[in-house]
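Reader: I should be grateful for a close look at a single part of this structure, followed by an account of what surrounds it. Please proceed step by step, as I am in my first year of study.

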Amino acid sequence: MSRVNRPVSTRQAWWLLAGALAAALPLVQQVPVWLAAAAAAAFAWRAALTWRQWHLPPRWLLVLLVIAGTAGVVMQYRSIVGRTPGIALLVVFLALKLLELRAARDAIVTALLCYFLVLGQFLFTQTIPTALLSCLTVLITTATMLAASDDRPAPLLQLRRAALMLAQAMPFMLLLFILFPRVQGPLWGLPQDRYTATSGISETMSPGSIAQLSQSDAIAFRVQFAGQVPPQSQLYWRGPVMPAFDGRTWSIRQILAAYSELPYAVQGEPIDYDLTLEPNGKFWLFALEMPGSLPPDGALTSDYQPISRQIVRNRLRYTQRAYPASQAGIDESRAMLRESLALPSGGNPRTRALGAEWRNRHGDDGAAILATAQDFFNRQLLIYTLNPPLLGPDMVDEFLFESKRGFCEHFAAAFVYALRAAGVPARVVAGYQGGEVNPVDGYLEVRQYDAHAWTEAWIAGRGWVRIDPTAISAPSRINSNLAAAVPAGEALPFLARTDLAWVRELRYRLDAVTNGWNQWVLGYNPQKQRDFLSSLGFGEPDWRSMTAALAVLCGFVLLGLTAWVLRNRRRTDPAFAAWRRFTGRLAARGTVWRNWEGPLAFAERAAAASPAHATAIRDIAALYARLRYAPAPRREDLERLRRQVADFRP
Amino acid sequence: MRLPELDAVLADINRIILGKERPIRLALACLLARGHLLIEDLPGVGKTTLAHVLSKVLGLEFQRIQFTSDMLPADILGVSIFDRGSGAFHFHPGPIFTQVVLADEINRATPKAQSALLEAMEERQVTAEGKTRPLPDPFFVIATQNPAHQIGTFPLPESQLDRFLLKIELGYPDPAAERELLAGADRQKMVAELAARIAAPRLVELQQAVRSIHAAPALIDYVQALAAHTRTAPRWQAGLSPRACLALLAVARAWAMLDGRDHVMPEDVQAVLPGVIAHRLRPVDDVARSDPEAVAAALIEAVPLP
């Protein structure tokens, strides 16, 4: 029977079941419940088949099951193309293949399916735990492959062999990772299914929308500063600017005019940094105020928000420069200013009256009105809280004069409303404020709970001026963090809490590792590859030199591994080499030395076969035996052996 | 460095037991390696004579214990009997207190009696009535057993079998040797007339010399390769234990000494292999009993010399 037709042994069946389980379990979340249950049933069936030595199900039943499974997938997804339906189909096939283990060939197909499913996991997540889990799965699957060819070794030995094989493959993996010419785009991107809802700042801001973000400790972006990290109160990460207001919701301008060069002159000291943005499903990028450079493949809107030309669906890293002292929009267009004064008709009579009163008092002096407004906010003793009361239709009035409790969106909305009522152009800016330096790797981590809203007012001669009304009432929000600003006892995301030192420590480390993974493994794009290779002295590497280097280095690794494997092999003993020459000559005469035969025994046999040379044969064998087995072999003996073998002409 | 005295010993034995050079040589090698010998064979092929002759030519005391199913440990080890005259118990040593013991038909006795002997063999001392008494040195047990399929036997468990360094079979003599036996002089008389070729102290010396026979690294590699093969190849139920490897090396050393060499050759290992593995290694397809020579040959041919 040929090798591929050998029947699958019980042990091999158990191995395959283990491998299939390891490959399918991580995908349980991705496939529909009915499929997970059906696969579990098939696995249980396989276990029972192996345990009880039952007969395999008949072929017609399997065919029916394949049809049913495929039909189920098609009905579920209305397609069999794409990430999720494809994986679901593979799970169907794997589960049913287990019920069809007739010969070694089926075992190998099953193991290969398992490998394929491991790749499938990466289409969904590419985190470190996924990578570790898939290493484990690959280990088990490789052991399964080994068991498919030889099922005798104990399971632990099988696993050890698989681990050794994988360890030997590791250098190749690293070389391929580093040197294989990269293409632009993510390694695991798929055209479909890629877009998933991601939390983050949206196009609109209504009461409670930012407070909701404060419950999430997901990373928004990470920043690596070239120099010192600027003080917390300067870290305003500019995001969408919202000039439009409908009485409840602030929103961005519908048509975004974009600059492809800076619309203002930069001033003061620059701050350089690298920003790694997590996917946000929007067009926007974030930049420290005021942006001093345009992001690559991006632009600046007319209200100075950096945006990308494509929706940010993959992690993005870009280098930026900020000029905090810049004055922007000194000669702002009239249309823009008009827009920044618009108020919905009606509502909030008290605030309108307040604005009108400021206007009467100060006339066109925007700076004075601004100062008065700030003073007013200060005197109102507003309370910064994550749980503001629900507000009615006149929400600005209610917030400013009645409840006096609000989150940053309330503050920003009320401030802009009051300024507009007083005739000063103003708008809401959303983004992030602050961030936290991870002491492990020095990256500033900005999380969703750092989301913030502040305001900009336009003052003649000074342009757009940033005023953060939250800072007036709750300076600690700006100077330290969220936890310091909200009243004690309010629910905060676990990681935003400051009272658990060891949790924070652990979290810093985890974040640093995740960041390293993102930056160096997932974010290893053509640019990074070029930079890294040039730093190794590759000059300006192109795909040709990379491929050549890959081939050469793989050759070296192969040589090294071969040397390592041969390391334990006995070096060919010179006496043995002479013996082989001797036996080779006798073999030509018809007396073949069998490799298990002792030299003296062979000598007797050979001497009997060719009595003419009996003495020479016995002498040579005795010499060789002495060299190999006697205590303290002598060099002269080796010389004599060589000479005698050389002279030996049967 | 051939040792004429050993050649003389072998010649003497071969004069009385005809046509059995190889088993006799193995028996002597086993004695030189300070091990005990198990002979499995039918009655009447010369087991007792071999034990007798061996002790005679080596100048050793000899006792024979016939094992029976009603035997008790005291029948082997000895018993304390009250002495009216002195008013105290006196230990009367059993037949085991001798230099060569022939334990005949050991598998006829119950496991209890068997283990009394086997423990004494292993520890070379007897503990009875709370007192430990050393056995003489040299101390050599030749046990014989009937083939396992005979009725009324208690087969020795594998762990007990392992205490015997070698297991050999004598077998029927070939026709020429048998004819010489039938035509020749009375064996019992010949045995009685035998003179000792070596004295006990010299035997102890030789036993020590065996241990210093050189085993080259290449040879130890070979022993390991043989053991490794029995452990991984699917042919065997269980591989050779480290103790079995030590036994193999010890007997091979003695065999090399009998050949007059100061170092062990692979041929020595191969020559003694059947006796060493006969009671230790079972092929998977072993139905009743397989020929140890054939088993050893298969093993030897499967393992190239390193």
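Author: **A hairpin and its setting**

In chain B, strand E3 (residues 78–83) and strand E4 (residues 88–93) run antiparallel and are joined by six bridges. The model in which this pairing appears is a predicted one. Within the pair, Asp83(B) has Ala88(B) of E4(B) opposite to it. The two strands, E3(B) and E4(B), make a hairpin in which four residues lie between them. One residue of the turn deserves attention: Gly87(B) has a positive phi of about 70°. In a regular strand, side chains point alternately to one face of the sheet and to the other.

Chain B also holds an open sheet, whose five strands pair in parallel in the order E2-E5-E8-E1-E9. Its edges are strand E2 (62–66) and strand E9 (166–168) of chain B; each has a single partner strand, so one side of each is left without a neighbour in the sheet. From one strand to the next, the twist averages 20°. One pairing may be followed in detail. Strand E1 (residues 37–40) of chain B pairs with E9(B) in the parallel sense over three bridges, and Leu37(B) stands opposite Leu166(B) in E9(B).

Two helices pack on this sheet. Helix H2 (residues 21–32) of chain B touches E1, strand E8 (140–145) and E9 of chain B, and its direction makes about 160° with that of E9(B). Helix H3 (residues 47–57) of chain B touches E1, E2, strand E5 (100–104) and E8 of chain B, and its direction makes about 175° with that of E5(B).

What is the form of the peptide bond from Asp137(B) to Pro138(B)? This bond is cis, with omega near -5°. Pro138(B) has its place in the loop between strand E7 (131–134) and E8 of chain B. Most peptide bonds are trans, and most residues other than glycine have a negative phi.

Chain A offers examples of both exceptions. The peptide bond from Glu289(A) to Met290(A) is cis, with omega near -20°. Met290(A) sits in the loop between strand E8 (287–288) and strand E9 (298–301) of chain A. Tyr304(A), a residue other than glycine, has a positive phi near 65°; this tyrosine lies in the loop between E9 and strand E10 (306–308) of chain A.

Chain A has an open sheet of five strands, with antiparallel pairing and the order E11-E7-E2-E16-E15. Strand E11 (316–322) and strand E15 (436–437) of chain A stand at its edges with a single partner strand each, so one side of each has no neighbour in the sheet. E15(A) and strand E16 (residues 444–447) of chain A run antiparallel and are joined by two bridges. In this pairing, Val437(A) stands opposite Leu444(A) in E16(A).

Charged side chains provide another kind of link. Over all chains, the whole structure contains 43 salt bridges. One of them is formed by the side chains of Glu402(A) and Arg350(A), at 3.8 Å from N to O. Glu402(A) belongs to helix H12 (residues 395–403) of chain A and Arg350(A) to helix H10 (residues 349–362) of chain A, so the pair ties together parts that are 52 residues apart in sequence.

It remains to consider how the two chains meet. Here 15 residues of chain A are in contact with 20 residues of chain B. The area buried between chain A and chain B is about 1500 Å², and carbon and sulfur atoms give 65% of it. In chain A, the residues that lose the most area to chain B are Trp596(A), Tyr629(A) and Pro631(A), which together make up 49% of what that side buries. How many salt bridges are counted between chain A and chain B? The count is zero. Across the interface there are, however, four residue pairs in polar contact. Helix H21 (599–609) and helix H22 (614–629) of chain A each supply at least two residues of the side of chain A that touches chain B. By residue class, that side of chain A comprises nine nonpolar, two polar and four charged residues.

Methods: Residues numbered from 1 in each chain as written. Chains lettered and ligands numbered in written order. Predicted model: local features only at pLDDT ≥ 70, side-chain atom pairs only at ≥ 80, totals over all residues. Heavy atoms only, no water. Contact = heavy atoms within 4.5 Å. Buried area = accessible area lost by both parts, 1.4 Å probe. Salt bridge = Lys/Arg side-chain N within 4 Å of Asp/Glu carboxyl O. Polar contact = N/O pair within 3.5 Å; in protein donor to acceptor, adjacent residues only side chain to side chain. Nonpolar A, V, L, I, M, F, W, Y, C, P; charged D, E, K, R; others polar. Pairing = 2+ DSSP bridges. Axes fitted to C-alpha atoms, helices over the stretch in contact; angles between N-to-C directions.
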